[in-house]
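Let's take a friendly walk through a protein model. Have a look at the structure below, and then we will visit a few of its features together.

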Amino acid sequence: MSDPGQVAKSNSSSGQAAGAVGGAVVVGALVAWALSDGTSRAGGLPIVVIAALVAFGVNWLVFVPSWIARTEKYYDLTGSVTYVSTIAVTALLADGLDARAWIVLGMVVLWAARLGSYLFGRIKRSGGDSRFDKLKEHPLLFLQAWTLQGLWVFLTLAAALVIVTTVDRESFGVFAVVGAIVWVIGFTIEVLADGQKRAFAADPANEGRFITGGLWAWSRHPNYFGEITLWTGIAIMALPVLSGWSFVALVSPVFVAVLLIKVSGIPLLERKADKRWGDEPEYQEYKRTTPVLIPRPP
């Protein structure tokens, strides 16, 4: 789910990796503390804190056999499992779930199951992920990738976690309806874009080529636009139940957007595409006429 591609570049030593692991845990703890404002507890602990422990714990648990086998094949699948298990534990511990909470719970599970199966199928077909070639040779670098995935999941789920655990339930009003519509639009775009790219790659005639049809004629990264849009929808649904420090939950779509636009999503793929097809006039024209993210009719 998260992209470890930047890890090998930004961390050349085990000491830096250990610091990054510790930093990720600290950030997760601070955000969990902020989100606990106005949310319910279980066993004396804020439920969002328990959610953070689940998010990190699932990844650390799967890291162990993955390190022993030196494999990254279950990394993306673990990301999906982390989303589902974190939101599921949160829902089980929270009291009196309302329509907003149940709908968001279903949204997260549906999205995670769909994307996780898609990514797991992709890595099975490819046989591996080159982003991990250096990471899986060093235990702390490899652990860092799994820890960052735990933080990625927790921050992305922030708005959804507040919706499920809020003490003050609100009626299913305008914000909930608008947010749900935005989520459906984003989810539909992501599913269609991934399906079109999978069909394109499955055609032997397209081997070694880049996709320019369907939604990919509207945007060079329509799947990422869909991803950002659907998490924005959940954040909109959360607005009526946010108060005090829990407004930190709005970090969810911002975090997803910054990572995909500036850090590990679009920049990485654009560099790879430029390296592979940058000298071709057809690719230059496609890049010149097609927006990098926000769709526009061709």
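In this predicted model, Ile103, Phe172, Val177, Ile181 and Ile185 together make a nonpolar patch of about 400 Å² on the surface. Which helix gives the most to this patch? Helix α8, spanning residues 174-202, does so with three residues. Val177 is one of the patch residues, and you can find Val177 in helix α8.

Next, look at how two helices meet. Two packed helices are described by the angle between their axes and the distance between the axes. For helices α7 and α9, the axes come within 8 Å of each other and cross at roughly 35 degrees. The crossing of α7 past α9 is left-handed. The table shows who takes part on each side.

| Helix | Residues spanned | Residues making the contact |
|---|---|---|
| α7 | 158-165 | Ala159, Ala160 and Ile163 |
| α9 | 222-238 | Ile234, Ala235, Met237 and Ala238 |

What kinds of residues meet here? Seven are nonpolar, while none is polar and none is charged.

Finally, turn to the charged pairs. How many salt bridges does a search of the whole structure find? The search finds nine. One salt bridge joins Glu282 to Arg209, with their closest N and O atoms 3.9 Å apart. This pair links distant parts of the chain, 73 residues apart. Glu282 sits in helix α12, which covers residues 281-289, whereas Arg209 lies in the loop between α8 and α9.

How values were computed. Residues are numbered from 1 along each chain as its sequence is written. This is a predicted model: local features need pLDDT of at least 70, side-chain atom pairs count only at pLDDT 80 or more; totals for chains, interfaces and linings use all residues. Side-chain values use heavy atoms; hydrogens and water are left out. Axes are lines fitted to C-alpha atoms, for helices over the stretch in contact, and angles run from 0 to 180 degrees between N-to-C directions. Helices (H or I, at least four residues) and strands (E, at least two) are DSSP runs, numbered from the N terminus. A crossing is left-handed if the near helix is turned anticlockwise from the far one by less than a right angle, and right-handed if clockwise. Contact means heavy atoms within 4.5 Å. Ala, Val, Leu, Ile, Met, Phe, Trp, Tyr, Cys and Pro count as nonpolar, Asp, Glu, Lys and Arg as charged, and the others, Gly among them, as polar. Patches are made of residues with over 30% relative accessible area and no salt bridge: like charges are joined within 9 Å, nonpolar side chains (Val, Leu, Ile, Met, Phe, Trp, Tyr) within 5 Å. Accessible areas come from the Shrake-Rupley method with a 1.4 Å probe; for residues, only the protein chains shown count as cover. A salt bridge is a side-chain nitrogen of Lys or Arg within 4 Å of a carboxyl oxygen of Asp or Glu.
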